[in-house]
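Thanks for making time this morning. I have one structure to go through, and I will keep to what can be computed from it.

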Amino acid sequence: MNTTAPRKKQRSLQGGFAKGYLQIAVVLVIVCGAFYFSQAPSPEEVIERQALVMPQRNKEKKAVVSVIKPQVRSHTIKVSTTGTIVVRNPVELVPQVSGRITWVDPNFRRGGMFQAGQKVIQIDATDFELALAQVEAEMQNAKANLRLAQANSEAAIANYALLNPDKEVPPLVAKTPQIEQAKAQVAAAAAKLDIAQLNLSRAEFVLPFSGRVVDSSAEIGQLLNQGQSFGSVYAVDSVEALVPIAPDQLQLIEPAVGRKALINLGDEQYAAEVVRVSPDLDERTRFAQLFLKLDQTSGLLPGAFVEIAINGPEVVDALVLPDAAEQANQSVWLVKEGRLKKWQPNLIARERDGLIAEAFDMASGVVMGAVPGGREGMPVTIAGGEQISVAH
């Protein structure tokens, strides 16, 4: 059998298929190349696109800042703080005599007021009146004994002189000891009389100052015992303001005693003066304490919480900088020749109005608020083209 012919035919078919695939691949390459070049940008577009992505060297953009130029002037340092209205020392109500209460002033109750020397309680005075009468009788008896001793002495001296004209009368003959004894009895009776009169006066309970009643248990019919408390009061002029103050604030107003202050309680204001400073610091807070005397205390009750402004010394050539001007580390930004300049002012105090600093050259002004990315020498533009003058 002849197998050569079929093999040639098979090879011929395989060669035909290979040529077909090759032609198809060439056609695809041509089509893809045509599509690619049809979508490719023109030379002009290439240049334009390259220009878009090329980095451009723009000038640095200037930040816009607001500045102020506070006026240089004298400034009185003020320390603003808080305090409490207190009573210097409350007074215990303690009777000096015992007895039953027969009368009580209607105002002598908790919260009531009284005047200096005003009778507020009457204790039954019968026992004291009887004791006084008894002492007065003893006084009369002592005086009579003295007169009798003096008469006997005069008679004895006269008789002795008749019998012994040239001799000195001896004390025993003159009854000098008897006279001295009678005088001592008179003096003792006088002392008893003073005590009886004092006890009788103490049956009327009075206080030597004007004040207010904190507490009182006095009622008609109540028996008061000598030395036993039945309430407490305080003097009107003992009301004062107690102000805790930090040592650095205290240093600002030294010497503190004699400094004037203003106390605010709601819509009311009260003038005051620093009269004492605590000799040590509070163990818990490490604050000192100021005690302020008030010109008038009407409307101020112990325990009230108040705001206090104390006037300190006057500082010449000072600046008041708003809090918004403060930057990091208590510095400020200045604008000088169109650029930022950091400045560390000499701060004197920090008050509610802002920072009190010694005067310095503000150049074009002090920057208000933070400057994002701010640095020394950074170019800036002043908002509005001019600074704002601020007066305090």
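I will start with the chain as a whole, then take the sheets, the aromatic rings and the charged side chains.

One caution before the numbers: this is a predicted model. Everything I quote is computed from that prediction.

The chain has 392 residues, and 31% of them count as buried. It contains five helices and 22 strands. On contacts, take those with a sequence separation of 6 or more: 76% of them are between residues 24 or more positions apart. The exposed area of the chain is about 25200 Å², with 54% of that supplied by carbon and sulfur atoms.

Now the sheets. I will show two of them.

One is an open sheet of four strands in the order 3-10-8-5, and its pairing is antiparallel. Which strands are at its edges? They are strand 3, residues 91-92, and strand 5, each of which pairs on one side only. Strand 3 runs antiparallel to strand 10, residues 231-235, and two bridges join them. If you want a residue to look for there, Val91 stands opposite Val233 of strand 10.

Another open sheet, again of four strands, has the order 7-6-4-9 with antiparallel pairing. Here strand 7 and strand 9, residues 223-224, are the edge strands, and each pairs on one side only. Strand 9 is paired with strand 4, residues 99-104, in the antiparallel sense, over two bridges. Arg100 has Leu223, in strand 9, as its bridge partner.

Next, the aromatic rings. The count is four aromatic pairs. The one I picked out is Phe114 with Phe209: the ring centres are 5.9 Å apart and the planes are at 55 degrees, so this pair is classed as tilted. For reference, over 60 degrees would have been edge-to-face and under 30 stacked.

Where do the two residues sit along the chain? Phe114 is in strand 5, residues 113-114, while Phe209 is in the loop between strand 7, residues 204-206, and strand 8, residues 211-216. The pair therefore ties together parts that are 95 residues apart in sequence. Recall that strand 5 is an edge strand of the sheet with the order 3-10-8-5. Phe114 and Phe209 are both buried. They are also not an isolated pair, since ring pairs link Phe108, Phe114 and Phe209 into a cluster.

There are also charges placed over rings. Lys119 has its charged end over the ring of Trp103, 5.1 Å from the ring centre. Arg276 lies over the face of Phe291, and there the distance to the ring centre is 4.5 Å.

That brings me to salt bridges, of which the structure holds seven. I will go through a few.

Glu273 and Lys260 meet through their side chains, with an N to O distance of 3.2 Å. Glu273 belongs to strand 13, residues 268-277, and Lys260 to strand 12, residues 260-265; the two are 13 residues apart. Are these side chains buried or exposed? Neither: Glu273 has 29% relative accessibility, so it counts as partly exposed, and Lys260, at 48%, is also partly exposed.

Asp282 and Arg284 form another salt bridge, at 3.8 Å from N to O. Asp282 is partly exposed, with a relative accessible area of 24%. Arg284 is exposed, at 77%.

Then there is Glu326 with Arg350, where the closest N and O atoms are 3.1 Å apart. This pair links distant parts of the chain, 24 residues apart: Glu326 is in the loop between strand 15, residues 305-321, and strand 16, residues 332-336, and Arg350 is in strand 18, residues 347-351. Glu326 is partly exposed at 24% relative accessible area. Arg350 counts as partly exposed too, at 48%.

Last, Arg88, Glu240 and Arg276 are linked in a network of salt bridges. Arg276 has come up already, as the residue over the face of Phe291. If you want one residue to open in the viewer, I suggest Arg276, given its place in that network and over that ring.

That is what I have. I can go back to any of the sheets, rings or bridges if there are questions.

Technical notes. Residues numbered from 1 in each chain as written. Predicted model: local features only at pLDDT ≥ 70, side-chain atom pairs only at ≥ 80, totals over all residues. Heavy atoms only, no water. Phe/Tyr/Trp six-rings, centres within 6.5 Å; stacked < 30°, edge-to-face > 60°. Buried < 20%, exposed > 50% of the residue type's maximum accessible area, 1.4 Å probe, protein only. Lys NZ or Arg CZ within 6 Å of the ring centre and 35° of its normal. Salt bridge = Lys/Arg side-chain N within 4 Å of Asp/Glu carboxyl O. Pairing = 2+ DSSP bridges. Contact = heavy atoms within 4.5 Å. Areas by Shrake-Rupley, 256 points an atom, 1.4 Å probe, with all protein chains shown as cover.
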